[in-house]
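Here's a walk through this structure, with an eye on its aromatic rings and one of its sheets. Have a look at the sequence and the fold, then read on.

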Amino acid sequence: MRSIYQLLLSMLVASLGFVGLNAQQTGVAGRVLDEEGSPMIHANVQLLQSSGQSQAVGVTSEKGLFNLKTNQGGNYTLRVTYVGYITHEEKVELKAGQTLTLKDISMNEDARMLQSVTVQAKAAEIVVRNDTLEFNAGSYMVQQGATLEELIKKLPGAEIGTDGKITINGKDISRILVDGKEFFSKDPQVAIKNLPADMVNKVQVLNKLSELSRMSGFDDGEEETVINLTVKPEKKKGLFGSVQGGYGTDDRYMAGLNVNRFDGNKQWTIIGGANNTNNMGFSEMGSEMGSTSFIGGGGGDRRFFGNSGGITSSSMLGANFSAEITPEFSSGGDGRYGYNDRAIETTRRVENIVEGGNTFMDENVSERSFSHNGQARLKLEWKPTERTELIFQPNLSMSKVNGFYNDLYETVNASGAMINNGFINQTTTGNNFRFDGDLDISHKLNDDGRTISGSISGGYTDEEGEGIYQAALQNVETNQKQFNDNTNLQYRLRLSYVEPLGNNYFAQAVLNRRYSRRNSDREVFALGADGQYSVLDNDYGLAYSNEFTQYRIGVNIKKIAKTWDYTVGFNVDPNRTVSYRTVGGVEQDKLAFNRVNFSPMFRINYKPDRTTNLRVDYRGRTIQPSINQIAPVQDITNPLVLTLGNPDLKPSYSNNLMATFQSFNAKNQMAFNVGLFGYYTFDDIVSNTHYDPATGVRTTSFRNASGTWMGNLHSSLSVPLRNRAFSFRLGMFNQLYQGQSFINDVKNKALTFRTRERLTLTYRNDWLDMSIGGMFGFYSVNNSLSAQSDARTYDYGGNYQVAITLPYGFRIDSDVEYNTNSGYSFALNEWLWNASLSYSFLRDKAGTLRVKGYDILAQRSNISRSATALAIEESMTNTIGRYVMVDFIYRFNIFSGGGSRSDYQRSNIGGPPFGGRRF
């Protein structure tokens with residue numbers, strides 16, 4: 001390792017010496033603005049010879065700046081292009097060894113394109129701009145007072161799970177931005193549950209590089225898929241928002257507040273709300289950290305129908321801000337508090353896969369949880385010079401949760417004979433604390449792209465909990481109190497050096513070090529003669545510590561051309577795992593493993609024009625086992641599922657391949673998107689289960705096994721029809737997955753196939769907006785161990801939605817959805833109908849009074865299905881049924897105006913690190 005550090009230090013010293021030796025190159029620099037003087041990000045800039053051949057190419061930065069370099073002086077043509085704007089061309093004369101700085105270039109919108117939009121009376125629903133997929137929010141019908149969640153659900157290829165997770169075209173959305181600024185950090189639920197849909201102009205889906213990647217210009221594999229919301233132009237400057245309140249039958253209530261202030265480079269938002277209609281409005285910290293103490297079904301592929309399970313009452317208050325203090329320094333951040341009360345009643349059937357004949361367990365579960373969550377985040381950006389940038393992002397999270405879990409169960413064999421019955425009662429309390437931060441710094445050593453970057457990130461997590469666990473299985477009873485304390489200290493150091501090689505080639509040297517120390521302490525007390533939990537039970541106590549250290553030494557090469565770029569690289573990843581443990585009060589020998597992984601990577605981007613993009617990406621990564629998977633102490637809190645960790649587990653290694661293609665035809669406004677994602681895992685961490693058919697008890701440990709793989713194919717298509725009043729949307733999702741496990745020492749491979757296709761036809765005119773659609777889903781699982789466990793299920797559905805705008809401010813909204821299925825033990829055959837009548841009044845229709853009926857036919861249910869190589873599970877959970885609510889919405893917009901059509905061009909998501917195309 002010492003030689004590696006010396007090599008990087010030598011490279012750094014040598015590069016600093018090169019700065020003074022390099023002669024100044026010939027070039028041209030300038031800034032590109034829109035009609036209102038706002039910088040245009042990612043505008044294409046070309047320097048052309050008299051023959052028309054391209055001499056240099058680039059794109060503008062977040063400030064609209066460009067700087068093109070060439071090897072010789074002479075007469076050239078500078079061309080600037082951007083979709084929807086008139087191409088700008090001007091003659092320039094460059095002198096050898098000098099950089100010509102031009103006056104600001106102002107781009108004008110293409111009147112012909114605007115006229116085309118006016119004649120068609122409808123803007124394009126979807127537009128592809130390089131690697132950004134842009135949805136026109138006005139093309140998707142939502143009800144009066146709807147939140148962002150309802151709008152996103154209408155987008156082709158978009159899904160929102162019962163846990164609030166957003167996926168678009170198979171990609172998980174990690175965060176939501178507003179006009180390029182972060183909005184409540186990595187909690188998209190805050191935005192989708194609280195922001196009003198009517199403030200959104202465009203919904204842009206794009207890939208956001210990590211700060212270090214953006215600074216260095218090389219992708220480090222930590223790219224995120226994010227949503228950027230552009231605010232409607234009339235709300236760009238001023239104070240705007242809404243206040244909403246309602247009350248209904250069954251004592252249903254809701255109240256909401258949303259206040260926004262946008263003023264140039266400053267913006268802030270205050271949101272708040274309270275309801276008992278299952279709109280929690282934020283993510284729970286405990287579930288994010290995996291510290292929930294309650295037992296629940298899960299694993300494998302899970303599908304839900306209807307709304308989320310249980311009945312939730314919640315309240316929250318939060319604030320978000322972003323400000324450019326000076327041209328060199330900007331800040332942003334957010335803070336929020338939330339309270340949640342959830343009650344869940346579940347009926348579940350589990351089919352256990354056993355070689356000698358499957359068994360069936362029926363159970364009824366009742367659970368209740370109360371949680372308090374608080375989070376705060378800060379982001380500071382400082383650019384002391386044009387070549388130096390520093391970003392610091394600290395985060396703090398805290399939560400407290402308590403509740404109970406009760407379960408009654410019975411297990412029978414295939415002939416119906418009872419194997420066991422019993423109960424589980426748990427009462428738990430937990431506290432979670434987390435503090436982490438990131439510091440990224442970068443310095444450009446010259447204008448050609450020589451850059452040195454570094455990153456330090458780390459954090460500390462502490463999860464404390466205690467609980468009383470009581471259970472009975474036949475005549476065997478468990479009654480104990482546990483105290484758990486899990487901590488995790490981790491940090492990561494990353495260094496990157498980029499050297500331009502000429503002819504638009506760049507080389508990168510990488511050195512990373514990652515370290516984590518995880519501690520898990522558990523004390524268990526049995527009931528004593530005094531009726532208190534006073535007897536220490538060392539058999540189930542635990543003191544376990546695991547250290548993981550990994551290095552990455554890598555070299556990458558990048559080539560940038562006019563319409564494409566590619567990156568190839570190779571990494572060596574040595575890692576070491578050391579475990580220390582005390583079991584039953586006796587200290588054990590430490591366990592240590594050393595391993596070296598070799599990680600090639602490849603990425604190519606092809607962009608023949610601004611509306612077509614093809615990308616292929618391959619890379620590998622190492623995955624650490626959790627403390628629960630390696631701690632060698634049995635957990636008996638659930639007598640049906642006994643868990644014992646395996647300290648001999650090795651980290652797994654996953655090979656990941658992703659390919660996406662996006663295209664938009666401006667002439668007929670057709671948008672097409674297709675994506676492929678797959679992985680193959682070596683030494684995957686899989687369950688090793690011994691099932692006793694005589695007692696129904698499952699004892700689970702873990703082991704390594706290669707051969708887990710998955711492939712996803714998803715696509716979406718949007719096509720306007722005839723006069724563009726009609727449009728056709730198609731969304732497709734297909735997944736093939738092979739999981740594996742060991743059951744009674746026999747390997748079982750579960751091959752799962754899932755497909756879900758959606759078709760929608762919409763129509764819109766001045767007073768009528770309607771859509772009709774259908775859905776088909778198929779799901780199958782084939783287990784190598786037992787043919788009896790194979791399953792096939794079918795899901796069918798249709799929906800019709802209509803909004804009728806009437807005179808005098810009246811509007812009728814109605815949506816009807818039909819769902820049915822076959823192949824389930826729980827039959828589904830439901831008609832869901834929601835309808836509302838609203839009246840908008842006051843100046844500018846600022847006030848809306850609405851009466852809405854939810855689930856008018858009282859048929860809503862909540863059914864889920866999951867399948868793994870161990871079991872097939874179906875469950876039905878309680879949910880909110882029929883009710884009627886009267887609510888009032890008041891919207892305000894004070895001193896509005898000042899917006900421009902170039903919404904996203906003013907954002908600061910990031911531009912190229914040196915004078916080339918963004919990559």
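**Rings, charges and a sheet**

Phe525 is buried, with a relative accessible area of 17%, because that value falls under the 20% cut-off. Bear in mind that what you're looking at is a predicted model. Phe525 has a ring partner, Phe483, and the two make an edge-to-face aromatic pair, with 5.9 Å from centre to centre and 90° between the planes. That pair ties together distant parts of the chain: Phe483 belongs to strand β27 (residues 476–502) and Phe525 to strand β28 (residues 505–527), 42 residues apart. Phe483 itself is partly exposed, at a relative accessible area of 31%.

Now hop over to another pair, Phe570 and Phe598. Why is this pair called stacked? The ring planes of Phe570 and Phe598 sit at 20° and the centres are 6.2 Å apart, so the pair counts as stacked; the cut-offs here are planes under 30 degrees apart and centres within 6.5 Å. This pair links distant parts of the chain too, with Phe570 in strand β31 (residues 564–583) and Phe598 in strand β33 (residues 591–609), 28 residues apart. As for how much of each residue is accessible, Phe570 is partly exposed, with a relative accessible area of 41%. Phe598 comes out as exposed at 51%, because exposed means over 50%.

These two pairs aren't the whole story, since the count of aromatic pairs comes to 20. Further along the chain you'll find one aromatic cluster made up of Phe753, Phe776, Phe778, Tyr794 and Tyr796.

Some rings have a charged residue for company instead. Which residue lies over the face of Phe742? That's Arg703, at 3.8 Å from the ring centre. Over at Phe218, Lys558 lies over the ring face, 5.6 Å from the centre.

Finally, go back towards the start of the chain for the sheet. Four strands make up an open sheet here, in the order β3-β2-β5-β6, and the pairing is antiparallel. Its edge strands are β3 (54–59) and β6 (88–94), each of which pairs on one side only. On average, neighbouring strands in this sheet are turned by 20° against each other, ignoring direction. To see the pairing up close, try β5 (residues 74–81) and β6: these run antiparallel and are joined by seven bridges. If you'd like a residue to click on, pick Tyr76, whose bridge partner in β6 is Val92.

Notes:
Residues are numbered from 1 along each chain as its sequence is written. This is a predicted model: local features need pLDDT of at least 70, side-chain atom pairs count only at pLDDT 80 or more; totals for chains, interfaces and linings use all residues. Side-chain values use heavy atoms; hydrogens and water are left out. Two strands pair if DSSP finds at least two bridges between them. Helices (H or I, at least four residues) and strands (E, at least two) are DSSP runs, numbered from the N terminus. Axes are lines fitted to C-alpha atoms, for helices over the stretch in contact, and angles run from 0 to 180 degrees between N-to-C directions. Rings of Phe, Tyr and Trp (its six-membered ring) pair if their centres lie within 6.5 Å; planes under 30 degrees apart count as stacked, over 60 as edge-to-face and the rest as tilted. Buried means under 20% relative accessible area, exposed over 50%, partly exposed in between (1.4 Å probe, protein chains only). A charge sits over a ring if NZ of Lys or CZ of Arg is within 6 Å of the ring centre and within 35 degrees of the ring normal.
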